[in-house]
Amino acid sequence: MLTAIPFPEPRNPALFMGEAGIRLVLWRLEPSDKIADDLLRLVRENLANPLNEIMWGPPGALLAARAMHQWTGEGRWAAAMRESEDAARRLDPPDNLTPFHGLVGNALVLGDDVSATLRETAIVQDGLANWPAAEEGFGPKLQWCEGAPGIITCAAGSLDEDLLLAGAELSWRAGPAGTEKGPSLCHGTAGNGWALLKAFERTQDERWLERARRFAVHALEQAQARPPRYSLWTGDLGVALFAADCLEARTRYPVLESWE
């Protein structure tokens, strides 16, 4: 028997799980006043969302408004950015550390320094580091959506370097994801490989770039070995973007850091 997942309200304006992300991409492909007006309406509707996270709530709306302000320079988008940030800061802080639903995703969007919390919550052993999904109650996984790869990707600018490198080293030693999780950005080889790209960005040590490229080759082989999946987070599109960033020695994570 399937269990229904409760959705937050309003849910339609969400960046990742609603219409905002779709309309943002539509505007990028074929700009029009109507699409922009609809998107602004969605961004402002999402100010009332009770979830303080980028997938559903105001931090995701802030990402959309920021992108539109960058592309258009219009003052209404600057105002929407301020409104979305204010809405996020009025909400209670997230009760977990994860990129999509928690602390480090919000910190990346809002420009917050969460290094002290990540130092306190890190699980360090034998020169390797990982993080649980929440500060209490859950054991750690090792994937982008939960664990060191996502923590490193989102907090690379403020995370203490010893922890960043210890988390990246754990990702490297664990190796590419198996066939169950596959090549994806969310919980597979490409997402874990992003930690290696961030280690390269921080240290400029070519060894980390070479390691990331090895993950990219493996992820591409995994993608080719299965039927196509047309998804950014769990399919081939994310793998292609990871491989492209490895070729160009770039470290701009899709949507959270770049729409290009």
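Two residues are in contact here when heavy atoms of theirs lie within 4.5 Å of each other. The exercises below concern a predicted model.

**Exercise 1. Find which residues of helix 11 are buried, where they lie around the helix axis, and what covers them.**

Step 1. Helix 11 runs over residues 236–248 and has 13 residues, and the 18 Å from its first C-alpha to its last is close to the 18 Å expected at 1.5 Å a residue.

Step 2. A residue counts as buried when its relative accessible area is under 20%, and in helix 11 this holds for G238, V239, F242, A243, D245 and C246. Looking down the axis of helix 11, we find these buried residues within an arc of 160°, so they line one face of the helix.

Step 3. As general background, an α-helix has 3.6 residues a turn, so residues three or four places apart point the same way.

Step 4. The buried residues of helix 11 are covered by parts that include helix 9 (189–203) and helix 10 (206–224). On the face turned away from the buried side, helix 11 carries the exposed residues L247 and E248. After helix 11 comes A249, which has a positive phi, near 55°.

**Exercise 2. Describe the aromatic pair of F100 and W233, and work out which parts of the chain the pair ties together.**

Step 1. The structure holds 12 aromatic pairs, and F100 and W233 form one that is edge-to-face, with 5.1 Å from centre to centre and 85° between the planes. The label follows because planes over 60 degrees apart count as edge-to-face.

Step 2. F100 belongs to the loop between helix 4 (75–90) and helix 5 (103–110), while W233 belongs to the loop between helix 10 and helix 11, so the pair ties together parts that are 133 residues apart in sequence.

Step 3. F100 counts as buried at 7% relative accessibility, and W233 counts as buried at 16%.

**Exercise 3. Classify the pair of W194 and F242, and say which aromatic cluster holds these residues.**

Step 1. The ring centres of W194 and F242 are 5.4 Å apart and their planes are at 40°, so the pair is tilted.

Step 2. W194 sits in helix 9 and F242 in helix 11, 48 residues apart, and the pair thus links distant parts of the chain.

Step 3. W194 counts as buried at 0% relative accessibility, and F242 is buried with a relative accessible area of 0%.

Step 4. W194 and F242 belong to one aromatic cluster, formed by F16, F100, W144, W194, W233, F242 and Y253.

**Exercise 4. Determine how many disulfides the structure has, and examine the surroundings of C154 and C186.**

Step 1. Searching the whole structure gives zero disulfides. C154 is in no disulfide, and the nearest cysteine sulfur, that of C145, is 11 Å away.

Step 2. C186 is likewise in no disulfide, although the sulfur of C145, its nearest cysteine sulfur, is 3.8 Å away. The cut-off decides the matter, because a disulfide requires cysteine sulfur atoms within 2.5 Å.

Step 3. C154 counts as buried at 6% relative accessibility, and C186 is buried with a relative accessible area of 12%.

**Exercise 5. Locate G111, decide whether G111 is buried or exposed, and give its separation from D236.**

Step 1. G111 is found in the loop between helix 5 and helix 6 (115–121).

Step 2. With 63% relative accessibility, G111 counts as exposed.

Step 3. G111 and D236 are 125 residues apart along the chain, and their C-alpha atoms are separated by 30 Å.

Notes. Residues numbered from 1 in each chain as written. Predicted model: local features only at pLDDT ≥ 70, side-chain atom pairs only at ≥ 80, totals over all residues. Heavy atoms only, no water. Helix = DSSP H or I, 4+ residues; strand = E, 2+ residues; numbered from the N terminus. Expected span 1.5 Å × (residues − 1). Buried < 20%, exposed > 50% of the residue type's maximum accessible area, 1.4 Å probe, protein only. Arc of directions from axis to C-beta. Phe/Tyr/Trp six-rings, centres within 6.5 Å; stacked < 30°, edge-to-face > 60°.
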